[in-house]
Amino acid sequence: MSRETSDELDVSQLLAHFQEITGIEDQNRSLTILEEHGWNLEAAVQDTLNEKDGIRAVFHEPSPQSYPPSSSSQSPSPSPPPSSRPPSSSLQQSPAVRASQGLVVVRTWEWLLNLAFFPVRFLVTTAADVLHFVFHLVFGAYVSSSPVHFVFGYQPSPARNPVGDVQQFVTGFEAEFGHAHPPFLTCSYSQALEQARQELRFLLVYLHSPGHQDTAEFCTKVLCNKEFMDFVSANCVMWAVGVNTEEGVRVSYVLRENTYPFLGLIVLKQSRMVVVERVEGLLPLRELVPRLAVAVRMNEAELVVERNERARRSVDQSIREEQDRAYQESLIADREKEKKRLEEQRREKERRGEEEEKRRKDEETASIRSHRASIIPSEPLPSDPDVIHVVIRVPSGERLERRFRGSDKLEGVYNFAHSCPGVSYDFTLMSNFPRKELCCMPDGGPLLSELGLGTKCALYIKDNSE
């Protein structure tokens, strides 16, 4: 068989194995997941099941390139430079395309073999059902690692209620062995991995087989022992589940234990959660605790490095946040200064505008007063027979006095009053006796003699601008 044909068979076997475990029927999607995980079946299965639980991948570590596994144990010879390679369509095909082509041949042979061995398969399936029934009667539980499952190709399905399975184990454990035990995490296996990853702690996994002959002794003399509980509290977090539950079956398949009792110590190494110590079978407490302690001590450096790295990132993040906060505060202060500056400029502009407007009005009023003062009729002598002595009281209380001729027009009196400081531009002259308004005609009249003021009259100003 050629190297390429062997690769295709390996890929097809991995693909079939992956699809049976995860229940994914789409071959292209399955091939994509396997390629993303470097054709690591355990990591691909774990991440796929984690995704169904709503937990981000904890085993996945992207690699620059992924290649399908090869059945040959020899190292491949170096590839020639791209310019010297012969143009071959098979060499240009991706692993997924070549795997899909190989699947056609493999599936055809599988169909023929299944047809030929159907009678044998029927007998084997019947025997498996009988053995499963016997195991169920003897152990009172569904033992995930029993010979039935490995012999007849059993594959676990995702747990429907992993948290409920864990809580069921804790309740049963306390009912049988009491409440003196290490604190068990009441969450799914994926969540326990994620918690240990986030807290940078060791995760100790215990798989509980109710029907095993050493289970009761292990729980009584080890798990419920104070020395063991103190060790767990000081060094790790602990998660446990019964293998007679769906979550236990799934975790049992992932960890691949061989016998019970089983303890697995998991820690974060190179961005992956890795099993660094496995304890299978009944082990005395005086040997178990030192063994776990050695594993913790040998792998503690990984957590120290990660803790230092996280501390460094935290310090960097704090510095960046402090810098951002200082920048924002400086930006706000600059904006406030700019706002005040613009406000002062606006007020200064308004003040200057008001002053300019006042100056303009004053100049305009002064010009009008000067003009009107220039057109006031000349003042007659007191001895003039036609003289009229006019007294005008302004709103400020001041009295204005001047002599006019009876032949002068009323406009002259208005001009005289308006030329005096403190008199509004818009006003009306009023007489007291009789009380009436003295209004000018368009031609400046009437004459003062026509108003019946006499030789001496008192007038006052009514300010129309108020």
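1. Before anything else, a definition: two strands pair if DSSP finds at least two bridges between them. Helices (H or I, at least four residues) and strands (E, at least two) are DSSP runs, numbered from the N terminus. With that in hand, look at strand E3 (residues 262–269) and E4: the two run antiparallel and are joined by 8 bridges. One bridge puts Phe262 opposite its partner Glu280 in E4.

2. A word on what you're looking at. This is a predicted model, where local features need pLDDT of at least 70, side-chain atom pairs count only at pLDDT 80 or more, and totals for chains, interfaces and linings use all residues. Residues are numbered from 1 along each chain as its sequence is written, and side-chain values use heavy atoms, with hydrogens and water left out.

3. Now the whole chain. The secondary structure comes to 14 helices and 9 strands. Of its 466 residues, 37% count as buried (buried means under 20% relative accessible area, exposed over 50%, partly exposed in between, using a 1.4 Å probe and protein chains only). Take the contacts (heavy atoms within 4.5 Å) between residues at least 6 apart in sequence: 67% of them join residues at least 24 apart.

4. Back to E3 and E4, which belong to an open sheet of 4 strands in the order E2-E1-E3-E4, with mixed pairing. At the edges you'll find E2 and strand E4 (272–280), each pairing on one side only. Ignoring direction, neighbouring strands here are turned by 25 degrees against each other on average. Helix H10 (residues 215–223) packs on this sheet and touches strand E1 (202–208), E2 and E3; the direction of H10 makes about 145 degrees with that of E1. (Axes are lines fitted to C-alpha atoms, for helices over the stretch in contact, and angles run from 0 to 180 degrees between N-to-C directions.)

5. Follow the chain out of E2 and you get to Thr245, in the loop between strand E2 (236–242) and helix H12 (246–255). Is Thr245 buried or exposed? Thr245 is buried, with a relative accessible area of 8%. Its side chain reaches the backbone nitrogen of Gly248 at 3.1 Å. Leaving out residues up to four places away in sequence, Thr245 touches Asp165 and Gln168.

6. There's also a nice helix pair. The axes of helix H11 (residues 226–235) and helix H13 (residues 285–374) come within 10 Å and cross at roughly 10 degrees. H11 and H13 are therefore roughly parallel to each other (angles under 35 degrees count as that, over 145 as roughly antiparallel, 65 to 115 as roughly perpendicular and the rest as oblique). In H11, the residues involved are Glu227, Phe228, Phe231 and Asn235, and they meet Leu285, Leu288, Val289, Leu292, Ala293 and Val296 in H13.

7. Last comes an open sheet of 5 strands, mixed again, in the order E6-E5-E9-E7-E8. Strand E6 (399–405) and strand E8 (436–438) stand at the edges with a single partner strand each, so one side of each has no neighbour in the sheet. The twist averages 35 degrees from one strand to the next. Strand E7 (residues 427–431) pairs with strand E9 (residues 456–463) in the antiparallel sense over 5 bridges; in E9, Ser431 has Leu459 as its bridge partner, and Leu429 stands opposite Ile461. E5 and E9, on the other hand, pair in the parallel sense over 5 bridges, and Arg393 stands opposite Tyr460 in E9.

Terms used
A polar contact is a pair of N or O atoms within 3.5 Å; within protein, one must be able to donate a hydrogen and the other to accept it, and residues adjacent in sequence count only if both atoms are side-chain atoms.
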